[in-house]
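Here are my notes on the model you sent. They are numbered so that you can reply point by point.

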Amino acid sequence: LFPYTTLFRSAYANADVGLLEQIILATLADFNVPGRIIHVETGPTVTQFGIEPLYIERNGQKRKVPVRRIVGLADDLALALSAHAVRMEAPVPGRPYVGLEVPNPHKSLVSLRGIMESAEMRKGGVLALPLGRNTAGAPVVMDLTKAPHMLIAGSTGSGKSVCINTIVTGLLMQHGPEMLRFVMVDPKMVELPGYNGIPHLYGKVITDVQQVMGALAWLLIQMDDRYQLFKEVGVRNVESYNAHVRKHKSAQPLPYIVLVIDELADLMMTAAEDIERQICRLAQMARATGIHLILATQRPSTDVVTGLIKANFPTRISFAVTSQIDSRVVLDTPGAETLLGRGDMLLMRPDAGKLARVQGCFVSDEEISGVVAFWKQHAASQQAAGAPVAAPPPWNSILDQLDDDEELVQQAIDMLE
């Protein structure tokens, strides 16, 4: 019934699981909350115990234990189990029990290769994202075209940058530059510049905040141009347009464009109003044109993750954060403050009503370098065969125009003074 559960049984021996079950039931009984454990599943990071509430007899009548009483004993259960923190999922979606997630004494490494070779990845969609494994050890894969935009938050060292590298590497292993293109922004200058030189990338990884405005303006122009193409052909989205041009061989298919911003807080500190306006317009309208956004920040405060940004990013991933307030900012609910770090995440999906706990998969620097080297070699062979050489960033002309506009505005101010 649960084929992935046995993959991570080494994290807990059967005897240890039985002992934990006894401790959980004894603790519940101490507080007059009878229950029984009807399901156990072990994942790479946590073991989930399914607790079914039983009945209490009062005044000759049997009444079932309210779920809120079990949830209220989370701290007492953590104390009894000697755990750093436990998380309650009340109830588990589609199951008749309350889920108690207890950290494993030893984490199991979730490799990117295992997710890429899974059946879920093969049927994951056009832009399938390998995210990790859930509490049962099953692969978690999501289609970015249905996301359609993603917000990633978490404190320093929680696994946020590894998640971005996993997503980018997973996409590079599925699609060539004719199908997928990237615009990458990394103000920290340490995580994404390693992708420079791949044929999927427009220009180079943007590390100068001043160039971000030009890149966003260029993406908005691309969005408007694509909508004009759709209007002329009589289609509604990029999938229908690509199918039309392939059938009639009238033009080249349009590639998907993924904008990756590794640190949103730095951008919001420099030009918050302009950045927020352009990002929100892209998020509201660019989905049908094949332009998708992935934003990440290590400071999930309300001045960075604003209400407009949250409203347009239905898919959110929260790694470990420092406080319950940060968890509410990202997920609109507490829970992320109890995560264990190092890839332990809560995933909010637009097609699911409950949060899903996932252990993110890991990709090493050597594996990333191997994928990048492959695509660089592919680009070199294409150029040797007569393909056009990589062009400079297409938003350079927009930046020049913005500089001219600023100079004219300054001249006007000087004349008024």
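**Notes on the predicted model**

1. **Cavity lining, by element.** Strands β7 (128–134) and β15 (356–360) each contribute at least two residues to the lining of the largest cavity. β15 gives the largest share, 3 residues. Please keep in mind throughout that this is a predicted model.

2. **Cavity size and chemistry.** How many cavities of 30 Å³ or more are there? The count is 1. The largest cavity holds about 50 Å³ of space. Its lining consists of G43, P44, T45, V46, R133, N134, T135, D344, R357, V358 and Q359. By type, the lining has 3 nonpolar, 5 polar and 3 charged residues. As background, rolling a probe the size of a water molecule over the atoms shows where empty space is left.

3. **R87, a buried arginine.** R87 sits in strand β5 (residues 87–89). Is R87 buried or exposed? R87 is buried, because its relative accessibility is 10% and the cut-off for buried is under 20%. Beyond its neighbours within four places in sequence, R87 contacts G99, L100, E101, T338, L346, L355 and R357. Of these contacts, R357 also appears in the lining of the largest cavity. L100 is 13 residues from R87 in sequence, and their C-alpha atoms are 6.0 Å apart.

4. **The β7–β8 hairpin.** β7 and β8 form a hairpin with 4 residues between them. The pairing is antiparallel, over 5 bridges. G132 has V140 of β8 as its bridge partner. In the turn, G137 has a positive phi of about 85 degrees.

5. **β8 is covered on both faces.** Strand β8 spans residues 139–143, and 5 of its 5 residues are buried. P139, V141 and D143 lie on one side. V140 and M142 lie on the other. D143 is thus a charged residue among the buried ones, so its surroundings merit a look.

6. **β13 and its two partners.** Strand β13 (residues 315–318) is also covered on both faces. T315 and I317 are buried on one side, R316 and S318 on the other. Strand β9 (residues 150–153) runs parallel to β13, joined by 4 bridges. M150 stands opposite T315 there. Strand β14 (residues 344–348) pairs with β13 in the antiparallel sense, over 3 bridges. In that pairing R316 stands opposite M348.

7. **Two nonpolar cores.** Which residues touch the most other members of the largest nonpolar core? They are I152, I167, F182, M184, Y195 and I317, out of 53 residues. Helix α6 (residues 160–172) gives the most to this core, with 6 residues. A second, separate core has 36 residues, including L151, L220, A265 and F313.

8. **M184 in the largest core.** M184 is one of the residues that touch the most other core members. Leaving out neighbours within four places in sequence, M184 contacts V168, L192, Y195, L201, K204, V205, I206 and V260. Y195 is itself on the list of residues with the most core partners.

9. **Cis peptide bonds.** The bond from A90 to P91 is cis, with omega near -15 degrees. P91 is in the loop between β5 and β6 (98–103). The bond from A147 to P148 is also cis, again with omega near -15 degrees. P148 is in the loop between β8 and β9.

10. **Positive phi outside glycine.** M189 has a positive phi of about 65 degrees although it is not a glycine. M189 lies in the loop between β10 (180–185) and α7 (209–233). M189 counts as exposed because its relative accessibility is 52%, and the cut-off for exposed is over 50%. R342 has a positive phi too, near 55 degrees. R342 is in the loop between α11 (324–331) and β14. With a relative accessible area of 69%, R342 is exposed.

11. **The chain overall.** The chain has 13 helices and 15 strands. Its C-alpha trace spans about 85 × 60 × 40 Å along the principal axes. Of the 417 residues, 51% are buried. Among contacts with a separation of 6 or more, 64% join residues 24 or more positions apart.

Key
Residues are numbered from 1 along each chain as its sequence is written. This is a predicted model: local features need pLDDT of at least 70, side-chain atom pairs count only at pLDDT 80 or more; totals for chains, interfaces and linings use all residues. Side-chain values use heavy atoms; hydrogens and water are left out. Buried means under 20% relative accessible area, exposed over 50%, partly exposed in between (1.4 Å probe, protein chains only). Contact means heavy atoms within 4.5 Å. On a 1 Å grid over the protein atoms alone, a cavity is a set of points where a 1.4 Å probe fits but cannot get out, and a pocket is an open set with protein on both sides within 12 Å along at least five of seven lines; lining residues have an atom within 4 Å of a point. Grid points are joined across faces, edges and corners, and a volume is the space filled by probe spheres set on the points. Two strands pair if DSSP finds at least two bridges between them. A nonpolar core is a set of buried Ala, Val, Leu, Ile, Met, Phe, Trp, Tyr and Cys residues joined through side-chain atoms within 4.5 Å.
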